[in-house]
Amino acid sequence: DEARGGGGAVVQIDAKHQYAMSWSDLRMVVQPKKGEAKTILDGVSGIARPGELVALMGPSGSGKTTLLDVLGDRIGAGRVEGTVEIGGMKRETKFSRQMVNYVAQEDALLTCFTVMETLQYGARLVLASLSAKERAARIQHVLEQVGLVDAANTRVGDPLIKGLSGGQKRRLSIAIELLQEPP
């Protein structure tokens with residue numbers, strides 16, 4: 001099934017719960033306590049299709065994180081204009097946080113936990129409605145997806161405590177988000 005997305009692009013609506021996300025003419029303006037309003041995003045458009053990798057590139061301060069925050073509906077202050085569509089339909093705020101997420105640039109992991117402990121902790125927070133057996137199965141599946149099965153009992157670590165490599169830490173951060181089984 002297909003539909004017209006932002007900017008007239010054809011987007012996939014549903015094939016095993018995979019949705020394209022499009023955004024068109026996004027504009028974000030913030031009003032500091034002192035001074036004039038500042039435009040952070042102006043006329044930004046794009047599309048992310050299922051199975052594709054989208055790279056947001058630009059110098060510091062160019063609005064990359066702000067764009068991710070707008071797309072993920074994580075904006076607390078400021079005025080956002082423009083259109084965000086998921087599966088060719090205008091995004092509904094109450095559902096968008098369940099469907100759209102991203103992993104922050106800096107990993108926020110507890111260095112004393114193992115990979116397994118980190119995922120168990122995360123699963124208890126985001127999957128509280130599942131039984132312990134269902135959570136354990138989801139954790140195992142995610143470990144396999146991100147290739148961390150062999151590191152399950154390795155501490156996250158820090159500069160003083162040997163632990164995961166930088167790439168493994170990044171995959172662990174991704175695994176935490178995958179626990180929720182986003183569409």
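## Strands, helices and two cores

Strand 3 and strand 4 run antiparallel and are joined by eight bridges. The model they belong to is predicted. One facing pair in these strands is V30, which stands opposite K38 of strand 4.

Strand 3 has a second partner. Seven bridges join strand 3 to strand 5, and these two strands also run antiparallel. Here S22 stands opposite E85 of strand 5. How enclosed is strand 3 by the rest of the structure? Seven of its 10 residues are buried, so strand 3 is largely enclosed. In a regular strand, side chains alternate between the two faces of the sheet.

**The whole chain**

Now step back. The chain holds five helices and six strands. Read from the N terminus, the order of elements is β-β-β-β-α-β-β-α-α-α-α. The chain has 183 residues, and buried residues make up 28% of them. Its exposed surface comes to about 11800 Å². Carbon and sulfur atoms supply 51% of that area. Take the contacts with a separation of 6 or more: residues 24 or more positions apart account for 59% of them.

**Helix 1 and its strands**

Helix 1 covers residues 64-71. Which of its residues are buried? They are L67, D69, V70 and L71. An α-helix has 3.6 residues a turn, so residues three or four places apart point the same way. The buried residues of helix 1 pack against strand 3 (21-30), strand 4 (38-48) and strand 5 (79-86). Just after the helix, D73 takes a positive phi of about 55°.

**A chain of salt bridges**

The structure holds four salt bridges. Three of them share partners, as the table shows.

| Salt bridge | N to O distance |
|---|---|
| D42 and R27 | 3.1 Å |
| R27 and E81 | 3.8 Å |
| E81 and R79 | 3.0 Å |

Start with D42 and R27, whose side chains meet in a salt bridge. This pair links distant parts of the chain: D42 is in strand 4, R27 is in strand 3, and 15 residues separate them. D42 counts as exposed, because its relative accessibility is 55% and the exposed class starts over 50%. R27 stands at 27%, so it counts as partly exposed.

Next comes the bridge between R27 and E81. R27 lies in strand 3 and E81 in strand 5, so this pair ties together parts that are 54 residues apart in sequence. E81 is partly exposed, with a relative accessible area of 35%.

E81 also meets R79 in a salt bridge. R79 is partly exposed too, at 45% relative accessibility. Which residues do the shared partners join? R27, D42, R79 and E81 form one network.

**The nonpolar cores**

The largest nonpolar core has 17 residues. Those with the most contacts inside it are V115, L119, L143, L148, L172 and L179. Which helices each supply at least two residues of this core? They are helix 3 (115-126), helix 4 (132-146) and helix 5 (166-178). Helix 4 gives the most, with four residues.

V115 shows how this packing looks from one residue. Set aside its neighbours within four places in sequence. V115 is then in contact with L143, L148, A151, A152, T154, L164 and L172.

Another core lies apart from this one. It has 11 residues, among them M21, V70, L71 and I86. Two of these names have come up before: V70 and L71 are buried residues of helix 1.

**A nonpolar patch outside**

Nonpolar side chains also appear on the surface. Y121, L125 and V126 make a nonpolar surface patch of about 320 Å². Y121 sits in helix 3. Is Y121 exposed, partly exposed or buried? At 48% relative accessibility, Y121 counts as partly exposed.

**Putting it together**

Strand 3 pairs with strand 4 and with strand 5. Buried residues of helix 1 pack against these three strands. The salt-bridge network joins R27, D42, R79 and E81. Elsewhere, helix 3, helix 4 and helix 5 each supply residues to the largest nonpolar core.

How values were computed. Residues are numbered from 1 along each chain as its sequence is written. This is a predicted model: local features need pLDDT of at least 70, side-chain atom pairs count only at pLDDT 80 or more; totals for chains, interfaces and linings use all residues. Side-chain values use heavy atoms; hydrogens and water are left out. A nonpolar core is a set of buried Ala, Val, Leu, Ile, Met, Phe, Trp, Tyr and Cys residues joined through side-chain atoms within 4.5 Å. Buried means under 20% relative accessible area, exposed over 50%, partly exposed in between (1.4 Å probe, protein chains only). Contact means heavy atoms within 4.5 Å. Accessible areas come from the Shrake-Rupley method with a 1.4 Å probe; for residues, only the protein chains shown count as cover. Patches are made of residues with over 30% relative accessible area and no salt bridge: like charges are joined within 9 Å, nonpolar side chains (Val, Leu, Ile, Met, Phe, Trp, Tyr) within 5 Å. Two strands pair if DSSP finds at least two bridges between them.
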